[in-house]
Amino acid sequence: RYVGIMATGINVIDLAAARSQSITVTNVPNYSSDSVSQFAFALLLNITNGVARHDEAVKAGKWAKSPDFTFQLTPQIELGSMTLGIFGLGAIGMRVAAIGRAFGMRVLAHSRRVQSGEHRGVEHVDFDTLLRESDVLTLHAPLTGETAGRFDKDAFRKMKAGSILINTARGGLVNEADLADALNSGHLY
């Protein structure tokens, strides 16, 4: 009469069926807030600093063969000049916001739950503003009927050319075919 999910997401359970049978469903909230937010920035830093590409090049001896000490394969993108958008401002989204602020980023968020005074340094905006103004957009929302496929061709068209999308939430938030088109066309980084 009880289902306990040993993770944060409960979208793998038919909640309506569980409710109709009086089955309690729980998850383990907040166990991964630090690790997921850290991973989101690991992905972002790999993109903006080319960490993996530079590591491979150094190991292949390319820096040693470089004519000068300032070896770099890609331009380094500084986060402090960027706007970070967060879709879903729960525990993970709040950790991402704190890290973004520490890097000097402007932080925008769109979330179903907004409590006044709770989110210092975060500008709460509507969905279209989030898409339009974010240089980097991170997804940290649950997969629900309201959020499923929310990031589709219409959403991607509203995003800045070259903007970065990082989804460490649920794959179903994004329409994969539309994302592939946005990536292959070069509209998204």
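## Exercises: a helix face, a surface patch and single residues

Val58, Trp63 and Phe69 make a nonpolar surface patch of about 330 Å². Patches join nonpolar side chains (Val, Leu, Ile, Met, Phe, Trp, Tyr) within 5 Å, and like charges within 9 Å, using residues with over 30% relative accessible area and no salt bridge. A salt bridge is a side-chain nitrogen of Lys or Arg within 4 Å of a carboxyl oxygen of Asp or Glu. Areas come from the Shrake-Rupley method with a 1.4 Å probe, with only the protein chains shown counting as cover for residues.

The model is predicted: local features need pLDDT of at least 70, side-chain atom pairs count only at pLDDT 80 or more, and totals for chains, interfaces and linings use all residues. Residues are numbered from 1 along each chain as its sequence is written, and side-chain values use heavy atoms, without hydrogens and water.

**Exercise 1.** Place phenylalanine 69 and state whether it is buried or exposed.

*Solution.* Find the loop between helix H3 (51–59) and S3; phenylalanine 69 lies there. Helices (H or I, at least four residues) and strands (E, at least two) are DSSP runs, numbered from the N terminus. Next, read its relative accessible area: 67%. Buried means under 20%, exposed over 50%, partly exposed in between (1.4 Å probe, protein chains only). Phenylalanine 69 is therefore exposed.

**Exercise 2.** Check the span of helix H2 (residues 33–49).

*Solution.* Take the 17 residues at 1.5 Å a residue. The rule is 1.5 Å times one less than the number of residues. The expected span is 24 Å, and the end C-alpha atoms are 24 Å apart, so the two agree. After H2 comes glycine 50, with a positive phi near 60°.

**Exercise 3.** Find which residues of H2 are buried and what they pack against.

*Solution.* List the buried residues: Ser33, Val36, Ser37, Ala40, Phe41, Leu44 and Thr48. Down the axis of H2 they fall within an arc of 135° (directions from the helix axis to the C-beta atoms), so they line one face. An α-helix has 3.6 residues a turn, so residues three or four places apart point the same way. The buried residues of H2 pack against strand S3 (83–87), helix H4 (91–102), strand S6 (136–139) and strand S7 (164–167).

**Exercise 4.** List the contacts of threonine 48 and threonine 138 beyond four places in sequence.

*Solution.* Contact means heavy atoms within 4.5 Å. Start in H2 with threonine 48. Threonine 48 is buried, at 0% relative accessibility. Its contacts are Pro75, Gln76, Ile77, Leu79 and Ile164. Go on to strand S6 for threonine 138. Threonine 138 is buried at 2%. It touches Leu84, Gly85, Ile86, Phe87, Val96 and Ile166.
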